[in-house]
Amino acid sequence: MWRFTVLRVLQAIPVILTVITLTFFLIRAAPGGPFSSEKAVSPQVQAALEARYRLDQPILQQYFSYLADLAHGDLGPTFRYPGRTVDELIVDGLPITAELGFYALMIALVLGVTAGVVASLKPNTLQDYVPMGAAMVGICMPSFLLGPLLVLVFGIWLQWLPVSGWGSTPGDKLLPSITLGAMYAGYIARLSRAGMLEVLSQDYLRTARAKGLPEYVVILKHALRGGLFPVVSYLGPAFAYLLSGSFVVETIFQIPGLGRFYIQAAFNRDYTMILGTTVFLATLIVVFNLLSDIAATWLNPRLRYQYK
Amino acid sequence: MALLDVTDLKVHFHTRNGVVPAVDGISFRVEAGKTLAIIGESGSGKSIACYSLVGLIPKPPGRIEDGCALFEGQDLLTLSEAQLRKVRGKGISIIFQDPMTSLNPYMTIGEQLIEPLQLHFSMSRRDAWQKGIQTLEEVGIQNAERRMHAYPFEFSGGMRQRVVIAMALVAEPQLIIADEPTTALDVTVQAQILKLLRDLQQRRNIGVIFISHDLSVVADIADNICVMQDGRFVEQGERMAIFQTPQHEYTRKLLAAVPAGAKRPVSHSPEPLITITDLYTQFYGNRGGPAVKAVDGISLQINRHEILGLVGESGSGKSTLGRSILRLLQPCSGSIRFDGRELVHLSAAELKPLRRRMQMIFQDPYSSLNPRMTVYDTLAEPLLLHGVVDRKGLDTAVFELMDAVGLARANVLRYPHEFSGGQRQRIAIGRAIGTKPEFIVADEPVSALDVTIQAQILDLLLDLVARFNLSMLFISHDLAVVRYLADRIVVMKAGKLVESGTTHDMFTSPQQPYTQALLAAIPGRVLRDLDDSPL
Amino acid sequence: MTTADLHVIPRGVSLWQDAWTRLRKNKLAMAGLVFLLLVTLLCLLTPWLVAYGYEQQDLRLGAVPPSADHWLGTDTFGRDQLTRILYGGRMSLAVGFIATAVALLIGVTYGAIAGYAGGRIDNAMMRLVDMLYALPFMIFIILLMVVFGRNLLLLFLAIGAVEWLTMARIVRGQILSLRQQEFVEAAVSLGLGPVAIVWRHLIPNALGPVIVYTTLTIPNVMLLEALLSFLGLGVQAPAASWGLLISSGVETMEEYPWLLIFPGLTLTLSLFALNFLGDGLRDALDPRTAKD
Amino acid sequence: MAHVIFGINLTLAIPALPLMHSHETILKASALLLLSLLLSACGGESGGREARVDEGIRLGVLHKGNGAEPQGLDPHTTSGIPENHIITALFEGLVSKNPQTLEVEPGVAESWDISEDGLSYTFHLRHDARWSNNDPLTAEDFRWSWQRAMTPALANVNSYMFFPIVNAEAFATGEISDFTQVGVEVSDPYTLQVRLRAPAPYLLQLFDHHTTYPVHRATIESFGDPSDRLTAWARPGNLVGNGPFLLTEWEVNSRLRIEKNPQYWDSAAVQLSAVVFYPTENLTTEERMFRDGQLHYTEDVPIDKVPVYLRNEPDLIEISPYLGTYFYIVNTKKAPFDDVRVRKALALSIDRQLLVETVLQGLYEPAYALVPPGTLGYQPPRVFEYDPEEAKRLLAEAGFAGGQGFPPFEILYNTHEQHQKIAVTLQQMWQQTLGIQATLLNQEWQVYLDTQKNRNYGISRRSWIGDYVDPNTFLDMYISGGGNNYTGFSNARYDEIVLHVAPRTADRQQRYTLYKEAETLLMNEMPILPIYTYRSKHLMSPCIQGMPENIMDWITWKYVYLECPAQ
């Protein structure tokens with residue numbers, strides 16, 4: 001297991017490096033710069049700004065000094081918020097985005113697995129069509145539509161939940177989490193239905209029934225484990241995508257998470273911030289893919305045995 | 001009083017295409033300490049009959065229409081699901097056919113073993129665990145205490161079947177339904193398991209319903225036999241009565257289908273077609289594990305117009321050898337000469353013209369046919385590929401092939417899944433002989449088939465070999481089949497050749513202890529004794 | 001299939017024709033197909049069907065609910081919504097199908113090669129996929145759009161380039177398990193080359209999951225386009241796409257609900273139809289499920 | 001109102017009302033009331049909670065939507081409006097503004113003298129002005145702060161504001177490095193003298209711009225090089241200011257809180273105990289936050305919501321003229337726009353009235369010149385009207401009768417819903433009236449700025465918000481070769497008036513006459529196509545007092561307080 005983990009971590013290094021290089025040169029190729037503004041900036045001011053951010057150096061030198069700083073965990077100062085560093089903003093925003101992502105994933109898991117399992121028990125009946133139809137709606141519903149709809153219904157009409165914010169009023173974490181989780185709930189529902197259908201036809205469930213086990217034990221204890229296998233391997237990538245897709249939800253609900261930085265930074269040409277968030281995100285994706293692989297390996301005794 | 005008394009059991013399946021009477025009014029009794037065998041081919045309804053007793057058939061579409069099954073004074077067929085659950089595992093337990101799939105791969109043996117104990121006897125986990133260990137020991141598993149923590153995949157096939165048996169026994173049922181418990185096993189292992197079952201049964205005085213398609217197996221252990229066909233018992237009675245004086249035509253057909261007797265040696269001067277010298281094929285283990293030498297220095301010769309039987313247990317490397325000869329696997333050293341040409345180092349392109357001359361028939365007619373190709377496409381593909389016929393003659397050629405393997409022409413546009421196993425194997429044979437090859441490797445072509453079908457396919461093969469002047473390497477674990485078909489036999493064990501000789505010699509005077517053990521393990525001694533006795 | 005004359009084989013019966021025969025019996029899938037065809041046809045023929053231009057304004061009219069003149073109402077510029085939905089459909093369908101086709105092409109080819117080659121090649125190819133998975137693609141698409149300007153072709157390609165990864169994984173997994181089946185060995189022993197084996201024997205058998213994933217990819221792609229439009233990186237005004245219509249409809253859903261309801265309904269119905277069609281196709285392409 | 005009688009949280013129900021049609025109102029309102037009653041009866045934590053705005057009214061804390069997240073709070077490195085809202089509360093310049101008229105009032109300077117020739121200003125600082133850490137605030141603080149603000153290395157984009165001062169430009173561009181040569185002198189700790197190179201009638205207003213605010217030297221120096229814009233001095237806990245409020249909390253993208261500064265010289269007049277600023281980039285969200293009782297005051301209102309509020313809850317919306325113009329610029333160096341007749345045809349064929357009434361929901365004023373009307377009494381010239389016939393004639397005269405042969409061109413705008421709406425409409429108007437075909441080109445902000453700067457456009461959307469209340473802030477944009485003049489417009493007389501004649505004219509009315517002449521020159525050449533004059537619009541709790549509307553949308557925080565009008 002250790003060997004496997006170490007190997008995967010080593011493999012991640014060139015990935016991250018590629019991401020950095022690609023992003024670095026891509027954003028420099030973009031028209032416009034971090035200091036453009038509606039009112040013309042005088043050449044002197046422009047030059048002084050560039051000097052302060054070391055943009056006057058040759059681009060390769062900038063690239064290598066960025067890498068050198070990165071090796072020390074220094075992602076540099078942001079262009080957008082003078083006086084703040086990228087590290088600081090990521091450290092501030094991450095816990096919030098991670099929390100949002102976590103709740104969303106939990107909601108997705110609970111809703112998705114329930115729907116999928118319920119549907120799989122009676123395929124091609126109403127008990128199948130209704131939850132799967134709902135799952136399809138979840139998949140088809142863009143978050144920029146679902147969010148405002150939920151806000152309108154639960155925030156404005158019913159007045160049950162606050163319309164925005166994060167952690168400032170009780171219950172304000174619910175709507176964003178649902179909005180973000182809905183699509184993933186849909187996918188998880190489909191995955192768990194397919195996985196369960198596969199498992200439900202397996203002989204060992206007949207064995208379990210032959211022991212006299214009640215049906216719920218057969219499903220929960222024997223079937224679920226194998227049936228949710230695809231879901232487990234999906235969770236890692238899903239969490240990573242959740243984090244990178246959270247900006248819409250964060251914008252709609254005014255959540256001070258990391259997600260908004262991605263987009264803002266790209267539009268503002270905040271070079272360091274773009275790089276920082278991209279690198280960070282890529283690292284997260286690698287880590288979560290790894291975790292989900294490890295979890296999948298650990299859950300499957302045969303694989304676990306192989307890696308011993 | 002009988003342990004289980006079933007009268008007039010009727011189970012129907014209500015499908016979209018109408019009602020199928022899967023079990024159509026059968027009656028039988030099982031006594032404690034006795035074995036009742038139900039014999040029948042696949043689809044005869046034997047498993048459904050037994051499963052319906054404990055409510056394990058899918059409802060719908062299945063429905064118990066009629067009948068009565070008295071067990072411990074209650075009619076099983078009228079019990080509610082909750083009441084049935086109390087019977088399952090405790091009163092009646094089941095040993096399923098495939099130990100591979102009937103154990104939950106995600107749970108340890110111990111967890112699975114103690115489930116019925118905790119459920120039916122509300123035992124504490126510790127007591128249940130102890131009992132589990134005892135039961136494992138009872139079925140002959142070494143290191144039971146440690147093995148409780150192992151997962152199913154860590155066991156070999158035979159050991160796994162022992163676990164399944166332990167699981168059926170652990171709650172000390174009065175009745176066990178054993179559904180083809182040895183079909184997936186090697187002969188020697190099968191013999192051990194059968195012995196184990198018999199011992200346990202006698203020791204605990206339990207009744208057994210033994211479901212099988214294999215008369216030879218049943219012959220050794222059953223007290224009473226029911227012969228089932230199309231949902232009905234065509235004949236039932238005491239074991240020897242069934243074998244000695246079969247009343248029903250179907251019973252006679254089944255008995256006749258058991259491959260018996262040896263092929264008469266054909267005498268023509270041996271002219272080698274394939275010469276194999278010092279062949280090694282190995283598989284590399286996962287993640288730098290040690291290489292497995294599947295074929296470990298084999299030298300042998302296959303003559304023209306000869307059927308060479310290759311016998312060995314699973315894992316002996318016999319399939320690997322067959323595939324290596326056809327270069328479906330790349331041998332790592334040695335030489336294979338086909339009609340004087342060295343095959344080992346030929347490129348794919350160089351091999352292609354030779355492929356026309358040597359073909360293969362596979363074991364599993366379910367997976368050896370592309371499910372998305374019709375019979376026509378399947379048969380036409382090699383013909384077109386090797387330019388055996390042009391497009392104009394294609395239809396005729398395909399029809400002729402179908403005639404040759406005994407398939408109705410009307411089926412030409414059907415897909416494999418619409419055929420029975422035997423018909424599918426006919427398609428596969430048709431595909432193999434389409435290019436008029438000189439040499440065919442047949443890898444267990446009948447082991448997945450019912451006995452009567454098996455007999456037909458064997459005869460078809462014999463016929464084709466004669467008609468097309470084929471040479472054949474016939475791989476099988478079933479000695480009776482090999483004896484029926486082969487001119488010569490080679491025995492393999494752990495990648496090495498153990499013994500070879502003419503069929504007659506091998507069966508009458510085996511030299512090596514392993515060969516002797518194999519022969520001894522062949523089930524159906526009773527039948528053979530019958531055969532040998534002048535009727 | 002019983003023919004009186006057993007010496008004549010009906011020509012041209014292929015997997016696809018067979019599938020079509022089976023598909024026709026699946027009512028839900030056919031309903032989906034008919035609906036999609038209808039929508040596609042309407043979208044293609046829009047310029048000849050509608051009385052208004054998609055950019056044609058009637059400022060004095062403004063936003064009005066559905067009426068006899070404007071069946072689905074108008075937006076704040078007095079533009080006819082039916083017209084805009086139909087024109088938007090051209091864009092959304094094009095994005096959906098082209099980007100998905102790109103994903104399919106790359107994904108299936110790549111996955112099939114990796115799965116069939118197996119061993120080290122497979123390992124190397126899948127590591128590359130893992131690497132690409134680690135790229136924050138959403139950000140990359142946005143960066144690409146930002147850097148190279150809004151170019152629809154690029155948009156299609158970029159989206160397709162994101163979606164092929166999962167496709168490749170699915171196909172590879174399928175091929176890997178199919179490769180163990182004996183009919184592949186049979187094909188090898190017949191002397192078929194790798195390309196023929198992959199094309200004739202493997203891919204048709206892997207189609208089921210591929211189709212299902214495709215029907216999930218199309219909505220995904222459409223939503224991605226909508227999201228990019230939402231960020232101002234998608235289609236160029238005054239042109240429309242369903243996603244764009246929905247995202248601007250959301251802004252005014254309280255004042256002019258019809259501007260959200262109709263595009264939303266169109267998108268949802270189309271995606272549902274697509275889903276039914278996909279499930280139907282999967283079943284139809286599998287001869288085993290045909291006659292039960 | 002019913003809500004009061006039931007004693008439930010008002011704002012929960014009130015804001016929901018505006019969006020309902022009258023006949024449904026009662027039904028829904030009672031349903032909502034019933035619901036909130038139920039919830040509060042069950043102790044439901046969400047339904048019965050006190051809205052943030054109500055708590056704010058109780059505690060004297062104002063909650064304000066503030067648009068974009070502020071980039072920073074260093075008065076010398078920022079330039080945005082969201083930052084300005086906060087900085088004006090944390091710092092105070094030499095002068096301040098009358099919240100209503102925007103005329104200059106004493107700030108840190110109690111009084112000032114202006115020399116006869118208008119070239120020398122002497123400021124007398126009040127003796128009780130203090131930094132928030134209780135340090136005294138002296139003239140030296142201003143001198144040092146201004147030196148910092150002009151230091152080239154700091155790269156202050158607003159340093160040009162000092163340029164009327166002697167040698168300020170030379171110092172800011174690095175020509176001289178000796179600040180003593182700049183016309184800023186400290187004659188005694190409470191007297192500051194400023195010498196100008198030329199008269200600047202609007203100069204006093206500049207001393208209320210944040211780039212001229214004093215900053216605390218010791219604090220800044222303790223965080224590193226004063227000319228390094230990246231130090232952390234302007235953060236909660238670090239920042240020392242001299243304004244009526246103190247920075248106490250700042251969570252990026254979440255909220256920023258300022259509290260009353262007890263050291264402020266006029267702290268007795270300050271009534272709010274705190275203001276909380278929320279970043280609200282998404283207008284729709286901001287509006288919902290207001291309805292949900294989270295904000296007292298919004299930065300903006302989604303345009304489609306304006307008529308709804310005007311109809312149903314006019315008390316909650318505040319719309320007032322604003323010192324900004326929305327216009328299109330034309331690249332006069334690019335054919336066919338090099339022909340003034342073409343430019344005029346474009347300008348004359350825009351039905352501004354229709355545009356404003358429909359697309360803009362009647363919110364803005366049609367504009368026919370660059371400078372907004374009413375800029376401290378200035379009325380811009382009106383040299384043309386909407387005249388489609390004349391437009392057609394002009395286009396024909398230029399050789400494109402009925403749009404024949406007119407090359408296809410692009411309308412450039414930066415990605416934004418509002419800009420797109422205008423562009424789409426103009427495209428239609430030009431097509432319908434003139435028969436010419438335009439395509440829209442939306443570019444995201446940075447690209448759009450680049451395209452304009454490189455003159456790589458035909459017609460482009462532009463807008464301008466005045467820095468101070470004087471026509472000059474608009475008109476000096478179009479001097480020949482001006483940094484913000486992307487049109488290629490150049491006129492000697494115009495330059496002369498804007499650069500030399502008008503600044504030397506002390507009398508306001510006389511100066512306005514000159515500006516009017518210049519603007520007429522500009523509009524006759526039509527390098528810009530005015531579209532409308534901005535108005536600021538806010539959703540505003542009726543409980544906000546002391547925040548009169550004004551043309552700069554300027555909030556003078558020390559006069560603001562919360563008090564609900566009697567029912």
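**Loops, folds and chain contacts in a predicted four-chain model**

D:N167 lies in the loop that separates α6 (139-150) from α7 (168-172) of chain D, and its phi is near 65 degrees, which is a positive value in a residue other than glycine. The model in which this backbone feature appears is a predicted one, and its overall scores are an ipTM of 0.79 and a pTM of 0.82. A further backbone feature of chain D is the cis peptide bond that joins D:A335 and D:P336, with omega at about 0 degrees; D:P336 is placed in the loop between β11 (317-330) and α12 (340-348) of chain D.

Farther along chain D, strand β13 (residues 409-414) and strand β14 (residues 438-443) of that chain pair in the parallel sense, and six bridges connect them. Within this pairing, D:L412 has D:L441 of β14(D) as its bridge partner. Between β13(D) and β14(D) the chain passes through helix α15 (residues 417-434) of chain D, and the resulting β-α-β crossover is right-handed.

Confidence in chain D is uneven along the sequence. The chain has an average pLDDT of 87, with 91% of the residues scoring at least 70, yet the mean falls to 31 in helix α2 (residues 10-13) of chain D, where confidence is lowest, and reaches 96 in strand β1 (residues 61-65) of chain D, where it is highest. Residues 1-47 of chain D have a pLDDT below 50, although the model gives this stretch 64 contacts beyond near neighbours in sequence. Where pLDDT is low, predicted coordinates should not be read in detail.

Chain A is built from 14 helices and zero strands, and its C-alpha trace spans about 85 × 55 × 30 Å along the principal axes. The mean pLDDT of chain A is 85, and 98% of its residues reach 70 or more. Among the elements of this chain, helix α14 (residues 301-306) of chain A has the lowest mean pLDDT, 68, whereas helix α3 (residues 59-71) of chain A has the highest, 91.

Five pairs of chains are in contact, and of these chains A and D share the most contacts. To this contact chain A contributes 42 residues and chain D contributes 52 residues. On the side of chain A that touches chain D, two or more residues each come from α2 (43-52), α4 (86-121), α6 (143-157), α11 (246-253) and α12 (259-268) of chain A, and the largest share, five residues, is that of α2(A). This side of chain A, which touches chain D, is made up of 22 nonpolar, 14 polar and six charged residues.

The contact between chains A and C involves 29 residues from chain A and 32 residues from chain C. At least two residues of the side of chain A that touches chain C are supplied by each of α1 (2-29), α5 (126-140), α6, α10 (229-244), α12 and α13 (271-299) of chain A. The most is given by α1(A), with seven residues, and the side of chain A that touches chain C comprises 23 nonpolar and six polar residues, with no charged residues. The helices α6 and α12 of chain A are thus listed for the side that touches chain D and also for the side that touches chain C. Chain B and chain D, by contrast, do not touch, and their nearest C-alpha atoms are 42 Å apart.

Within chain C, helix α3 (residues 81-117) and helix α6 (residues 152-179) of that chain pack at an angle of about 35 degrees, with their axes 6 Å apart. The crossing in which α3(C) passes α6(C) is right-handed, and the contact of these two helices has 22 nonpolar, five polar and four charged residues.

In chain B, four strands form an open sheet in the order β12-β11-β14-β15, with antiparallel pairing. The edge strands of this sheet are β12 (292-303) and β15 (341-342) of chain B, each of which pairs on one side only. Strand β11 (residues 272-283) of chain B runs antiparallel to strand β14 (residues 333-338) of chain B, and five bridges join the two; in this pairing, B:T277 has B:S335 of β14(B) as its bridge partner.

Terms used: Residues are numbered from 1 along each chain as its sequence is written. Chains are lettered from A and ligands numbered from 1 in the order in which they are written. This is a predicted model: local features need pLDDT of at least 70, side-chain atom pairs count only at pLDDT 80 or more; totals for chains, interfaces and linings use all residues. Two residues are in contact if their C-beta atoms, placed from the backbone, lie within 7 Å. Ala, Val, Leu, Ile, Met, Phe, Trp, Tyr, Cys and Pro count as nonpolar, Asp, Glu, Lys and Arg as charged, and the others, Gly among them, as polar. Two strands pair if DSSP finds at least two bridges between them. A crossover is right-handed if, with the strands pointing away from the viewer, the path from the first strand over the helix to the second runs clockwise. pLDDT is the predictor's confidence in each residue, from 0 to 100. Axes are lines fitted to C-alpha atoms, for helices over the stretch in contact, and angles run from 0 to 180 degrees between N-to-C directions. A crossing is left-handed if the near helix is turned anticlockwise from the far one by less than a right angle, and right-handed if clockwise.
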